[in-house]
Amino acid sequence: MFKRDFRLPSSYKDAVFISSRSATHTQEKSGKLEISNCGNNNKISNDKITLEQFVSRMAPLIDMEKEAEISLSMNSGATRSLDSAQKKGSTILNLKCVDAQTGLMGKSLLEFQSNKGDVLPPHKFGNHDVVVLKPNKSDLGSPPLGQGVVYRIKDSSITVAFDDIPEEGLNSPLRLEKVANEVTYRRMKETLIQLSKSVQKGPAADLVPVLFGERPPTVSKKDIKFTPVNSNLDNSQKDAISKALSSKDLFLLHGPPGTGKTTTVVEIILQEVKRGTKILACAASNIAVDNIVERLVPHRVKLVRVGHPARLLPQVLESALDAQVLRGDNSALANDIRKEMKALNGKLLKAKDKNTKRDIRRELKTLSKEERKRQQLAVTDVIKNADVVLTTLTGALSKKLDGFSFDLVIIDEAAQALEIACWIALLKGPRCILAGDHLQLPPTIQSVEAEKKGLGRTLFERLTDLYGDDVTSMLTVQYRMHELIMNWSSEELYDGKIKAHSSVAAHTLYELEDVKKSSSAEPTLLLVDIAGCDMEEKKDEEDSTLNEGEAAVAIAHARRLVESGVQAANIGIITPYAAQVVQLKMLKSKEDKLKDMEISTVDGFQGREKEAIIISMVRSNSKKEVGFLSDRRRMNVAVTRARRQCCIICDTETVSGDKFLKRLIEYFEEHGEYLSASEYGTE
Ligand SMILES: Nc1ncnc2c1ncn2[C@@H]1O[C@H](COP(=O)(O)OP(=O)(O)OP(=O)(O)O)[C@@H](O)[C@H]1O
């Protein structure tokens, strides 16, 4: 049994916590941090961990992570000048406001472009980051014109959602500053305290001992039969769903790339709703939550999406809590009360008599209380009536969900979430289902030290080690990749257990409409070797690595594909290094026909796919140093983004210094086409 009373470490009292989720984008451009996920070296805390150990270990690590994130944001004391802040990527200087729109549930969307050219300078802003707007030249500590949430980022513009349009200053040069997300850090802090108490009480009192290995997981003895809503499910998906429905406390859904993990999660939700289960469904990222919402909506499930409207996909806004609240009866009443208050305020201004004024004030106080009550009731009504509440993990600690508990908590992308973030949701129910793949990239951690000490070890991985097959089902049919692309990943990482569905096993680029069977479009696997072509890597100012020659070859291959008829939007270039992303985007901006092609770090492309993927590995040096390329999870994600063609561009001599990468190169040589980069000449 657990000891009931234990102390948090003293440092905890003052500890400031922060999420690393909002920082995913940040890592993309920091050379230093690129080393932090190096290799599979996060095995420090593989032994069984008790609740006490977890709480006392996590408190200082979250604190370290907070420090690292703050040092990357503008609130850092280390930021001395605006120029150094721009170099660090935590501010974008010299912006102009080019568009202002209202309509996003009362929010105002302002779009900014650079005064200095087409493409924004390199920056570390990501979607959903909290930012402040200031006059361009105002002092570092000056008050902002407004605070908002990043709504959309393009190469040449950034759109921010503000609660209100800033009243002045929009016609002068502006800057945006990224600020550390205090709310998330407070939520993590609260969760750690709640977790330390939850052994005694709370909806998860019986789940906590199971997740810390103190009590074995249990399953229903009854044989669970179900009639699938989705008639296309394969056997591995159906098996997983049966097992999930039988689980009484814990189930892990292991979904390798493209195997229909979200499809399976959606079916589990539909089956559970049929059984009368009230569900909290979460994921680490907003986009993953919205993905589930989108797929549930056609089934007319009673659901509500909790979250800031600027962080939601436009197509799920109808399901948003704010939208449903506005449609509710209590909200209409609150509205009427507000109108009444406005009229009374007018009377108050005109009233001369003391007694009349006092009476009006009294009435206003009563009305204001009633209005707040009605608003709260409107929110509670919507959440109470929903069978499925969907939000991000940190969103699960929203005040709006206070006092609500659920029969089942489902977490998608669980292998990409910090364990402490998972607990925010898990504390709300006695039973959980986690879906993910610990063989793809873990959550981004900013602090190298916190990462080394185990902050990045996910709950999904820990439970896989603790209970393995007893509580896990792995999906084994994939619906994305040509068999040749898949086989490397399947053999290297999944014991050869994955099979390609017949609909994709042999699909090729040139079967797409309007695509010619050219020498560029024909191969499924293509290796372009830059060895001996004078294309050495170099470092940018931020110490991130880039390779100009290799970038030019990647763009040349993309151009050839477009000339063969492949749509630019169907092509993606991915690279592990942030500086290479900037280099590639610069080259792309010169070619109109490549406008719709996406360029991203590997980390930024997890969960996505393209018909053709070009991987620029960057490293080319005589020491054969490969840095964090050797993390097999990163290369697994990179290769498995491709549906019909995967082209790797690298210096085979350098990368073959690493055994794992050597096998990848040999696989491509054996099963694909080989070209020297010199064949792309000076295109
Ligand atoms: N049983 C099935 N039959 C046909 N297509 C399927 C089936 N299951 C999944 N798919 C298709 O496979 C694709 C991937 O599915 P889904 O998005 O559920 O996968 P995922 O495992 O969540 O993806 P990721 O690899 O990005 O995590 C989708 O286009 C989906 O429609």
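In what order do the seven strands of the open sheet with parallel pairing stand? The order is β9-β10-β8-β11-β12-β7-β13. The structure is a predicted model. This briefing treats that sheet, an open sheet of six strands, and the second largest pocket, whose volume is about 400 Å³.

**Seven-stranded sheet**

- The seven strands pair in parallel, and the sheet they form is open.
- At its edges stand β9 (303-305) and β13 (472-474); each has a single partner strand, so one side of each lacks a neighbour in the sheet.
- From one strand to the next, the twist averages 15 degrees.
- Within the sheet, β8 (residues 279-283) and β11 (residues 408-412) run parallel and are joined by five bridges.
- In this region, Ala 283 is found opposite Asp 412 of β11.
- Helix α7 (residues 235-246) lies across β7 (250-254), β12 (432-436) and the edge strand β13, and the helix runs at about 165 degrees to β13.

**Six-stranded sheet**

- This open sheet also has parallel pairing, with its strands in the order β20-β19-β21-β22-β16-β23.
- Its edge strands, β20 (598-601) and β23 (673-676), each pair on one side only.
- Neighbouring strands are turned against each other by 20 degrees on average, direction ignored.
- Strands β21 (residues 610-616) and β22 (residues 642-650) run parallel, and six bridges join them.
- Ser 616 has Ile 649 of β22 standing opposite.

**Helices on the six-stranded sheet**

- Helix α17 (residues 548-563) lies across four strands, namely β16 (525-529), β19 (571-575), β21 and β22.
- The direction of α17 is at about 150 degrees to β22.
- Helix α22 (residues 659-671) also packs on the sheet, where it touches β16, β22 and the edge strand β23.
- The direction of α22 makes about 115 degrees with that of β16.

**Second largest pocket**

- The lining of this pocket consists of 14 residues, and those nearest its centre are Val 325, Gln 375, Gln 376, Val 379 and Lys 400.
- Two or more lining residues come from each of the helices α10 (321-327), α11 (329-350) and α12 (354-385).
- By residue class, the lining comprises five nonpolar, four polar and five charged residues.
- Domain 2 (184-302 + 387-475) and domain 3 (329-383) each supply at least three residues to the lining.

Definitions and conventions:
Residues numbered from 1 in each chain as written. Predicted model: local features only at pLDDT ≥ 70, side-chain atom pairs only at ≥ 80, totals over all residues. Heavy atoms only, no water. Pairing = 2+ DSSP bridges. Axes fitted to C-alpha atoms, helices over the stretch in contact; angles between N-to-C directions. Contact = heavy atoms within 4.5 Å. 1 Å grid on protein atoms, 1.4 Å probe; cavity = no way out; pocket = protein on both sides within 12 Å on 5 of 7 lines; lining within 4 Å. Points joined across faces, edges and corners; volume = space filled by probe spheres on them. Nonpolar A, V, L, I, M, F, W, Y, C, P; charged D, E, K, R; others polar. Domains from an automatic or database assignment.
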